[in-house]
Amino acid sequence: MDKIFVHLAKMSTAIVFMVLIGTVISLYINARPAIKEFGSYFLIDPRWGVEIELESVTDNIEQLGQQPEMKDLSEDAISEIDVEEDNFSYGLDDFEDDFVPMEDETDTGQSELEGTSKTTKEVYGGAVPIVGTIFSTIIALLFAVPISMGIAVFLSEIAKPIIAAPVGVAIELLAAIPSIIYGMWGLFYFGPFLASIFGGNSVSLLVGGLVLGVMIIPFMAALSRDAINTTPDILKEAAYALGATKTEVIKDVIFPYAKKGIIGSIIVSLGRALGETMAVAFVIGGVYQFVHKVTDPTNSIPVALANNFSESSGMSLSVLFYLALILFVVSFIIIFSAKYFFLRRGSY
Amino acid sequence: MSRLIINKIVLGLSSLSGVIGLFFLLWILVSLVVKGFAGLSPYIFTHDLIDHGIRNLIMGQFMLAALATVFGVPLGILAGIYLQEYGNGTRYAEIIRDLSDVMMSAPSIVIGTFVYAIYVIPVGHTAGWAGVLALFIMMLPIVVRTTDDMLSLVPVELREAGIAIGASKYHVILHIILRSAKVGIVTGLILAFARIVGETAPLLYTSGSSIFWSTDLSSTFPSMTVSIYNLATQPEQDMVDLAWAAALVLTVMVLILNLIGRYLIRDKQAK
């Protein structure tokens, strides 16, 4: 009996292990066609789903802007298919019909369907979502770090316990709210509000970044507060006894003492912002374009995955797996370094 | 004197940023409650999405999360027991610990991608089981970590006492250690459930979302979060209102689960 139990427990661990390893492997296998095709140039190539002629690679970059239109159309067609499966063929006809008037403007996609022409191929580059992810995360951190630190310091050092306790609980509960709520709020309230101040679109890189920032504030504030609270009272009292002001205690005693925990909380929040999908999906726009102004719509890796996955196949699907792999590896590195350097568990 | 002035300024700024942060969070909650209540009515709880209700969505979301819990909890607890009671200190256990920690914060959309690759592509369409699998993978590391942490808090003396009276190791684990770590583990499970019940990204293209009442997990399954995403981006105002109502219901469910979890922990600490 004892032996059975040991083996059962061992097997469960093995399954956990396999699931985790399996994720990376299956992503790699599915991404392999894209990795082979585009290699590491993918990381800096801004073209997404652009049809090029094999002889002249650089001439057709102007076609870049036309891709989002096509995506919209296919999205409509596919949602129609989703609604009623009986109408599948009908939906597909619609899809083709939609294309006819566009044909003289752009023939992206159409020749791909026929699959006979060998002089052109579709090129995918991940630069736009990658840059979008990086920038939206930077905006989020720039916004969230000062505010979270303010909240953490306020909760642990300034506010009286009677205020700090309920506010602290509220912050922790807010960290548990599903991210899609933040996204909806961004779409219907925050986006239009920002657009009325800064001009531009109500879906943009700026809105995406700030919604992300708002989303990670409770998380970061709660973690930083916990880190700050680990400072022994005796250290603080010693500093006060020497005549230090509260600011000096915070700056010279608490921050140095809790430094590792605070940096760790920032990095973990960074990892969360990087991989967040739903809060951004509503508000970043989902178009494959670089931003010229911060109020332009763009795209990020998770949003590209969320929007384009179910309608992709073949190479375009493989490219999305490639993006997912990149995202996974990057967040793996970030989380792992955070755990390793700053948040080592001391309990074992 | 200038030190005191700087002190005042810094404390003022810190309080101000606290107020700004709370203002945003309050703004979200207020808009959610106002918009959500406007769309809330008994009608939506008794009709499916096809008739502009959310009954099937609530059922679907709960079923996906509950099934993921049913599979994830025993496996996760057993793995946690192994890490703490059998493999503790070995290199293998350390690797699993680190991996599951990393997995716990892995982007949820990537997990959806993974399930799409291993389930949806071979089967050819979205299915409830794929959604269950995705949530299961999300939940597993949380359960492992919780069990591991809670078992590490059980005093060694309890284990030694059990072994000293001649109990076998699995007996000690099942009847002594698990019992004393029960509250902590249950709390962890509730919080884990609350976390996966609100997940959208891993369900987007695994379970999809159906507008009909369905208990057939091998086909597209109703999901509340995915439907909120779909509804909120539609042009019709009544669809958007329904999305807000569903969002409010979802948030209330998640918050209640969290409050129960906190209450249990507090109860334990009070003892």
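**Exercise 1. State into which domains chain A of this predicted model is divided, and describe the contact between them.**

Solution.
Step 1. Chain A splits into domain 1, covering 2-124, and domain 2, covering 128-342.
Step 2. To the contact, domain 1 of chain A brings 22 residues and domain 2 of chain A brings 16 residues.
Step 3. On the side of domain 1 of chain A that touches domain 2 of chain A, at least two residues each come from α1 (2-38), β1 (48-53), α2 (67-83) and β2 (120-124) of chain A.
Step 4. The element that gives the most to this side is α1(A), with 9 residues.
Step 5. Sorted by class, the residues on this side of domain 1 of chain A are 14 nonpolar, 5 polar and 3 charged.

**Exercise 2. Find how many residues of chain A and chain B are in contact, and which elements of chain A take part.**

Solution.
Step 1. The contact joins 66 residues of chain A with 69 residues of chain B.
Step 2. Elements of chain A that give two or more residues to the side touching chain B include α1, α5 (127-158), α6 (161-175) and α7 (179-198). Also among them are α8 (205-229), α10 (246-275), α12 (301-308) and α13 (314-342) of chain A.
Step 3. The largest share of this side of chain A is that of α1(A), at 17 residues.
Step 4. The side of chain A that touches chain B holds 47 nonpolar, 14 polar and 5 charged residues.

**Exercise 3. Describe the elements, box and burial of chain B.**

Solution.
Step 1. Counting elements in chain B gives 11 helices and 0 strands. Read from the N terminus, the order is α-α-α-α-α-α-α-α-α-α-α.
Step 2. Along the principal axes, the C-alpha atoms of chain B fill a box of roughly 75 × 70 × 35 Å.
Step 3. Chain B has 271 residues, and 50% of them are buried.
Step 4. Take the contacts in chain B between residues at least 6 apart in sequence: 77% of these join residues at least 24 apart.

**Exercise 4. Give the domains of chain B, the distance between their C-alpha centres, and the residues in their contact.**

Solution.
Step 1. Domain 1 of chain B spans 1-39, and domain 2 of chain B spans 42-270.
Step 2. Between the C-alpha centres of domain 1 and domain 2 of chain B there are 32 Å.
Step 3. Domain 1 of chain B supplies 7 residues to the contact, and domain 2 of chain B supplies 7 residues.
Step 4. The side of domain 1 of chain B that touches domain 2 of chain B consists of 4 nonpolar, 2 polar and 1 charged residues.

Methods: Residues numbered from 1 in each chain as written. Chains lettered and ligands numbered in written order. Predicted model: local features only at pLDDT ≥ 70, side-chain atom pairs only at ≥ 80, totals over all residues. Helix = DSSP H or I, 4+ residues; strand = E, 2+ residues; numbered from the N terminus. Buried ≥ 20, exposed ≤ 12 C-beta atoms within 10 Å, placed from the backbone. Contact = placed C-beta atoms within 7 Å. Domains from an automatic or database assignment. Nonpolar A, V, L, I, M, F, W, Y, C, P; charged D, E, K, R; others polar.
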